[in-house]
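Reader: Could you take me on a close look at one part of this model, the nonpolar core, and then at a few residues that catch the eye besides?

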Amino acid sequence: LLVFSRSLDIATQRFSALAICNLCSSAYKQTLVEGGVIQTLLFLTRFPDRDSARCACLALAGMALGDYKQSKTRIIDEGALCSLLEMARFPDQEIQRCAGLAINCLVLGTEQEPKTAVMNGEGISPLLLRLQHKNSECIHHAICCLGSLRESDEVKANLVEMKSIELIIPQIHTGSIEIKRAVGYFFAKLAESSEFYDKIASAGGLEGVISLASLVDSEYQDYTTFALAFLASNREYQVKLVKIGAVHPLVSIMATNSEPKHYTGLALLKLADNFENHITIAKEGGIEALLRLGRNRVTDEELQYKAALTVGQLASNAVNM
């Protein structure tokens, strides 16, 4: 197959590329890597035939996934990542999608080397450009990839400097369900670093996170309540979050059987740390939601403790309510 993939006959090359693509997602991944498949795929990505190039991108995507961690290192060391980054800028939409998927698979996971390699290879710019793409799948791949890159502290600061927050926020209002979930994950990872809170606030990110939390989708709610729990820990933003409507979605989540209650309770607890927020929390039904949560026989005892603590905070300011 590796020999056939370099054939001068286009049909032979395409069928060989397709076969290699299927094998790269199989149990023979290590054998293929040791047999020199990455150099073959690198050749195919640079070959003029677009069908072969797309198969090569998808093969690299399959190669990057799975338990054989050495494959990611080999993809980077043998120059295939550079080729993928070039193809992400290619005008053909299908090639862009396949290259974007391969880059996303490469940076997925806890390994830091692929994330740093994408940054050092100037791969962030084409990802940000794809956020303005008309194709929703291209946008989804780009945001997922940026979310994975965000897991690296070194890359995180670089992404913020390159205006990634400002470019991603519009997708909260116009993107598909999958895109909004990817945006939620992006902000959940970003909210872990308090040094970026001013950037989030100035770009309209606080309102965006609250908007996602208001949607009836457990995955949106899971990511956004996680982000709100961190944002509400910063005293500078506690009053602002309440004024722009953070309490209502939190109370709504706690009043239903939704799953992400742990960080919902924590976010409400942090907002209740500020006496200025108590009246709004009471008016929005926050006390009833917390009492109901405390009475339920839930398995999360820590959550019940947080609910009781929040009620105590509110009770300390009862004369004003």
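Author: Happy to; here is a walk from the core to the cysteines and then to two loops. Please keep in mind that this is a predicted model.

Let us begin with the core. The largest nonpolar core holds 95 residues, and the members that touch the most others are L41, L146, L149, F187, L241 and L271. The element that gives the most to this core is helix α4, residues 50-64, with nine residues. As background, nonpolar side chains in soluble globular proteins tend to be buried together. L241 makes a good example to zoom in on: apart from neighbours within four places in sequence, L241 is in contact with L206, I210, L228, L231, A232, A246 and L271.

Now the cysteines. The count of disulfides is zero. For C21, the nearest cysteine sulfur belongs to C55 and lies 5.4 Å away, so C21 is in no disulfide, given the cut-off of 2.5 Å. C21 is buried, at 11% relative accessibility. The sulfur of C144 has its closest cysteine sulfur in C145, at 8.6 Å, which is too far for a bond. C144 is partly exposed, with a relative accessible area of 24%.

Finally, the backbone. Most residues other than glycine have a negative phi. E122, however, has a positive phi near 55°. You will find E122 in the loop between α8 (113-120) and α9 (124-129), where it is exposed at 57% relative accessible area. K163 also has a positive phi, near 65°. K163 sits in the loop between α11 (153-161) and α12 (164-168), and K163 counts as partly exposed, at 45% relative accessibility.

Note on methods
Residues are numbered from 1 along each chain as its sequence is written. This is a predicted model: local features need pLDDT of at least 70, side-chain atom pairs count only at pLDDT 80 or more; totals for chains, interfaces and linings use all residues. Side-chain values use heavy atoms; hydrogens and water are left out. Buried means under 20% relative accessible area, exposed over 50%, partly exposed in between (1.4 Å probe, protein chains only). A nonpolar core is a set of buried Ala, Val, Leu, Ile, Met, Phe, Trp, Tyr and Cys residues joined through side-chain atoms within 4.5 Å. Helices (H or I, at least four residues) and strands (E, at least two) are DSSP runs, numbered from the N terminus. Contact means heavy atoms within 4.5 Å.
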